[in-house]
Amino acid sequence: MLTRLCPVSADLRRRVTGRLRNAPDGCRARPGHCPVTGRPRQLRCEKIRNVNPPTGESPFLRACRRQPVPYTPVWFMRQAGRSLPEYRAARASMGMLQACFTPDLVTELTLQPLRRYHVDAAILFSDIVVPLRAVGVGVDIKAGVGPVIEHPVRSQRDLQRLRPLEPGDVPFISQAVSALVAELGSTPLIGFAGGPFTLASYLIEGGPSKSFDTTKSLMYGNPALWHALLSRLADITIGFLRAQVAAGAAAIQLFDSWAGTICPDDYRQAVLPHSRRIFAALAGTGVPRIHFGVGTGELLGLMGEAGAEVVGVDWRVPLDEAVRRVEPGKALQGNLDPAVLLAPWDVVEQRARDVVARGRTAEAHIFNLGHGVLPSTDPGQLARLADLVHSESARVPG
Ligand code: 1CP
């Protein structure tokens with residue numbers, strides 16, 4: 001019976017059933033037909049468990065390793081979060097950081113987007129400042145603002161407060177990841193951490209910044225302190241990522257979101273050695289590593305050199321151009337402008353097709369947005385987009 005079902009959607013089946021449990025109103029948890037082959041999907045959970053391919057064979061992980069895939073895998077940065085009404089309801093009575101420290105809620109919030117979208121990976125619901133809080137830094141995430149640091153780190157003395165992260169510091173992460181891996185079946189879970197520049201910027205500025213003046217002034221004016229800080233942050237990040245992989249995360253992404261604010265020479269000298277050490281420390285785990293930043297068009301080559309298998313590209317550089325900027329032997333991830341999703345569907349469709357077409361010039365491509373989902377995005381657009389990427393990429397070009 002299973003052989004009559006759509007082969008492309010084999011790995012999607014379990015998620016379709018998952019969506020049928022707890023599916024919120026208006027969610028596109030629909031039975032029916034695979035958008036790629038038009039054949040019926042398998043919907044009965046018991047049967048599905050028997051046909052789960054191993055996680056390692058998932059299109060997402062295969063693409064990370066630059067192996068052939070039946071279609072371009074897709075997931076969305078910030079796929080969990082404020083664009084989902086069920087997220088707003090679940091978080092209504094709890095602060096953001098408190099939510100990150102509550103394993104059951106982390107599990108639920110991570111799964112929410114998978115009940116709506118046919119995405120090929122889940123990303124752990126957490127935040128880049130969680131490991132800082134776990135080692136005792138006074139940090140909170142203020143609604144409408146972002147991370148705010150109680151005592152910014154600007155001196156050698158401040159640095160003493162940053163100790164390495166031990167696995168016992170993040171039991172809530174290990175619990176949530178283990179629960180998620182059991183729940184997700186063959187769908188890979190992506191773990192993540194903040195990159196050294198981005199974490200340092202929050203610690204030094206004391207909160208979000210547009211110009212990063214204080215960060216750059218420390219980077220230029222006190223290189224010894226800068227490197228000591230980034231070295232400590234790299235240790236914390238390594239501990240945090242290792243804990244996620246040890247609990248079952250199948251890939252990791254380093255979000256150096258704000259590194260694009262510095263020039264290539266500064267990046268090479270001030271940030272790259274620390275990112276390289278982070279990726280090297282994870283190499284032995286065998287899980288694919290992704291490296292992403294916003295506005296990093298001029299840094300793409302260097303970010304590739306840091307050692308990840310996959311380089312994330314924001315929307316400013318077309319993927320075929322990114323191919324020229326990144327050394328051979330890398331997969332690319334990206335890069336639809338998240339704001340395109342606020343336009344009518346025909347615009348989204350045309351732009352997404354363009355991303356898929358340009359992605360074909362890469363050795364491997366994972367479809368994503370060029371940055372996180374905007375809170376005002378209609379989840380229906382994202383659901384259609386995931387299906388479009390699958391059907392468009394499964395089509396033989398020509
Ligand atoms: O009000 C709310 O509901 C909180 C908003 C929110 C959410 C949903 C914050 C505060 N963090 C998160 C979750 C989060 N953070 C995820 C979820 C997993 C998923 O992708 O679905 C991820 C990956 C992050 C990582 C993160 N936090 C980054 C790197 C990714 C990126 O978007 O560039 C950064 C820079 C942060 C800091 C942060 N946390 C929250 C906000 C609003 C910000 C940005 C603040 C700023 O502009 O500097």
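This passage walks through a predicted model of a protein chain with a ligand, from the overall fold down to single residues.

Start with the big picture. The protein chain holds 18 helices and nine strands. It runs to 398 residues, and 51% of them count as buried. Contacts also say something about how the chain folds back on itself. Taking contacts between residues at least 6 apart in sequence, 74% turn out to link residues that are at least 24 apart.

Next comes the ligand. A shell of 22 residues surrounds the ligand, and the closest of these are A80, G81, G146, P208 and S257. Sorted by class, the shell has twelve nonpolar residues, six polar ones and four charged ones.

Now for the helices. Two packed helices are described by the angle between their axes and the distance between the axes. One such pair is made of α10, covering residues 196–205, and α12, covering residues 223–247. The two pack at an angle of about 115°, and their axes are 10 Å apart. That angle makes α10 roughly perpendicular to α12, since the range for this label runs from 65 to 115 degrees. The crossing of α10 past α12 is right-handed. On the α10 side, the residues in the contact are P196, L199 and A200, and they meet L229, L230, L233 and A234 of α12. What classes do the residues of this contact fall into? Seven are nonpolar, with no polar and no charged residues.

A second pair brings together α17 (residues 345–359) and α18 (residues 379–394). Here the packing angle is about 40°, and the axes are again 10 Å apart. These two helices are therefore oblique to each other, because 40° falls outside the ranges for roughly parallel (under 35 degrees), roughly perpendicular (65 to 115) and roughly antiparallel (over 145). The crossing of α17 past α18 is right-handed. From α17, the contact uses W345, V348, E349, A352, R353 and V356. Their partners in α18 are Q381, R384, L385, L388, V389, E392 and S393. By class, this contact is a mix of seven nonpolar, two polar and four charged residues.

Finally, a few single residues deserve a look. Q175 sits in helix α9, which spans residues 171–184. Is Q175 buried, exposed or partly exposed? It has 16 other C-beta atoms within 10 Å, and a residue needs 20 or more to be buried and 12 or fewer to be exposed, so Q175 counts as partly exposed. Q175 also pairs up in space with V106: the two are 69 residues apart in sequence, yet their C-alpha atoms are 9.6 Å apart.

The backbone has some quirks too. The peptide bond running from G334 to N335 is cis, and its omega is near -10°. N335 belongs to strand β8, residues 331–336. Elsewhere, R66 is not a glycine but has a positive phi, near 60°. R66 lies in the loop that links α3 (59–64) to α4 (85–91), and with 17 other C-beta atoms within 10 Å it is partly exposed. F212 is another residue with a positive phi, about 60°, despite not being a glycine. The loop holding F212 lies between α10 and α11 (213–221). F212 has 19 other C-beta atoms within 10 Å and is partly exposed.

Key. Residues are numbered from 1 along each chain as its sequence is written. This is a predicted model: local features need pLDDT of at least 70, side-chain atom pairs count only at pLDDT 80 or more; totals for chains, interfaces and linings use all residues. A residue is near a molecule or strand if its C-beta atom, placed from the backbone, lies within 6 Å of it. Ala, Val, Leu, Ile, Met, Phe, Trp, Tyr, Cys and Pro count as nonpolar, Asp, Glu, Lys and Arg as charged, and the others, Gly among them, as polar. Axes are lines fitted to C-alpha atoms, for helices over the stretch in contact, and angles run from 0 to 180 degrees between N-to-C directions. Helices (H or I, at least four residues) and strands (E, at least two) are DSSP runs, numbered from the N terminus. A crossing is left-handed if the near helix is turned anticlockwise from the far one by less than a right angle, and right-handed if clockwise. Two residues are in contact if their C-beta atoms, placed from the backbone, lie within 7 Å.
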